[in-house]
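Here is a short briefing to read alongside the structure. Have the model open in your viewer, and follow along topic by topic.

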Amino acid sequence: MPEENGHMIQPFRNLCFILKQPQDTEFSERQIPKISTPHDVLIAVNYTGICGSDVHYWEHGAIGHFAVKDPMVLGHESAGTVVRVGSAVKSLAAGDKVAIEPGYPCRRCGDCLAGRYNLCPDIIFAATPPNDGTLAGFWVAPDDFCYKLPDHVSLQQGALIEPLAVAVHIVKQANISPGASVVVMGAGPVGLLCAAVARCFGAFTVVSVDITPSKLDLAKAMGATHTYLSSGISAEENAKALREQCNLENGADVVVEASGAESSIQASLHVVKVGGTFIQGGMGRADITFPIMSMCQKEISARGSFRYGPGDFELAVGLVSNGSVDVQKLVTGVVSFKRAEEAFKMAKSGEAVKILIAGPNEAMHV
């Protein structure tokens, strides 16, 4: 059996953590999935991180028009150990550690062929109804959506490659150049990782903004050069105070909005400089009040960012491998599979930055 750090992986159970309806979950043993094409890989899932979307499904049973109508396995931020490979797989072998990219596009539509497979209308994405997720003993994936981890990168770090790839995609959207000034609104996991990646891309000034002091302390450890504690004043007043406090008199070259909060989005348009770039990465309410005159008068370039695309996972693995981004700093704790619902409650309460759930076949020393 594969082994890492004394943790024996016993790939024989496919126990799954299943959402039946909002805040109603169960554990159920399902049949081990089968390799169905020569390019498939069977993976024993070792660790899965909890994402905000997972919590939203758990709490409300829906995100927008994606509603849980049938029992659904949760989870999509995972890493695991290859157990078996299809006959055409050359890049992976049994025993390899991999980070899992959890969305599989059609590969044939216009967006896929244009290199925008994250926008594929027929993408099958883990833990997005009606598709099951990765909080299970086993997962089958195409080999080209599994990323081999170097020996010195742990499986726990591997489970954080997915949110890091989200941050990589956001920062790529901004076209950050060396010497740039960047403000990141929100210091949740993706916001913290955006700050770290922005520094890797050459930004000289990176300001992390949040309403929680402890998150800003972590932002400094992740690479932010400045922090700003947002207060209950107007968006324009917060923006003015931020610019003054962080020596951004003319505004920031780039503002990344990673919270989805309306007030944060509004402040972003007042923080970005004339001719600057605004990237919306955080997801919030479908409709908000938006300072469109500020956007027009400043001639701001505005873009959205959704999941990740070609090259994002490879770069994320590289940034962890060479020590540029220390994703382990985000891990508040690791819980056993049987404590999965407790982990969701912790994530919802805001007590944790990132909780990892060990797979049912990951032997934990407790």
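Glu299 is an exposed residue, since its relative accessible area is 67%. Its place is the loop between α9 (292-298) and β20 (301-304), and its phi is near 50°, a positive value in a residue other than glycine. Please keep in mind that this is a predicted model. The points below take up further backbone details, then the domains, the salt bridges and one helix.

**Backbone details worth a look**

- Asn247 also has a positive phi, of about 55°, although it is not a glycine.
- You will find Asn247 in the loop between α7 and β18 (252-257), where it counts as exposed because its relative accessibility is 66%.
- A cis peptide bond runs from Pro129 to Pro130, with omega near 5°.
- Pro130 belongs to the loop between β12 (124-125) and β13 (138-142).
- Gly350, the residue that follows α11, has a positive phi near 85°.

**An exposed isoleucine**

- Is Ile211 buried or exposed? With a relative accessibility of 65%, Ile211 counts as exposed.
- Ile211 sits in the loop between β16 (205-210) and α6 (213-222).
- Leaving aside residues up to four places away in sequence, Ile211 touches Leu229 and Ser230.
- For a sense of scale, Ile211 and Gln31 are 45 Å apart from C-alpha to C-alpha, with their positions 180 residues apart in sequence.

**Domains and their interface**

- The chain is divided into domain 1, made of residues 15-148 + 327-358, and domain 2, made of residues 167-304.
- Between the C-alpha centres of domain 1 and domain 2 the distance is 29 Å.
- At the interface, 6 residues of domain 1 are in contact with 7 residues of domain 2.
- The two domains bury about 590 Å² between them, and 83% of that area is on carbon and sulfur atoms.
- On the domain 1 side, Lys329, Leu330 and Val353 lose the most area to domain 2, together 74% of what that side buries.
- How many salt bridges cross the interface of domain 1 and domain 2? The count there is 0.
- UniProt, in an unreviewed entry, lists residues 20-357 as "domain: Enoyl reductase (ER)".
- Over residues 20-357 the chain is 30% helix and 27% strand, and the C-alpha atoms at the two ends are 19 Å apart.

**Salt bridges**

- The count for the model comes to 15 salt bridges.
- One of them joins Lys354 and Glu77, with the closest N and O atoms 2.9 Å apart.
- This pair links distant parts of the chain, as Lys354 is in strand β22 and Glu77 is in strand β9 (residues 77-85), 277 residues apart.
- Lys354 and Glu77 are both buried.
- Asp312 and Lys172 form another salt bridge, and here the closest N and O atoms are 2.8 Å apart.
- Asp312 lies in helix α10 (residues 312-321) and Lys172 in helix α4 (residues 161-174), so their pairing ties together parts that are 140 residues apart in sequence.
- The two partners sit in contrasting surroundings: Asp312 counts as buried at 1% relative accessibility, whereas Lys172 is partly exposed with a relative accessible area of 30%.
- Lys240 pairs with Glu244 in a salt bridge whose closest N and O atoms are 2.7 Å apart.
- Lys240 and Glu244 are separated by about one helical turn, because they are 4 residues apart in helix α7 (residues 235-245).
- Lys240 counts as partly exposed at 46% relative accessibility, while Glu244 is exposed, with a relative accessible area of 51%.
- Salt bridges with shared partners also join Lys20, Asp24 and Glu26 into one network.

**Helix α11 and what covers it**

- Which residues of helix α11 (residues 340-349) are buried? They are Ala340, Ala343 and Phe344.
- These buried residues are on the same side of α11, because they cover an arc of only 100° around the axis.
- The elements that cover the buried residues of α11 include β3 (15-21), β4 (24-29), α1 (52-60), β21 (331-335) and β22 (354-358).

Conventions: Residues numbered from 1 in each chain as written. Predicted model: local features only at pLDDT ≥ 70, side-chain atom pairs only at ≥ 80, totals over all residues. Heavy atoms only, no water. Buried < 20%, exposed > 50% of the residue type's maximum accessible area, 1.4 Å probe, protein only. Arc of directions from axis to C-beta. Contact = heavy atoms within 4.5 Å. UniProt positions renumbered as here; feature names shortened; annotations may be inferred. Domains from an automatic or database assignment. Buried area = accessible area lost by both parts, 1.4 Å probe. Salt bridge = Lys/Arg side-chain N within 4 Å of Asp/Glu carboxyl O.
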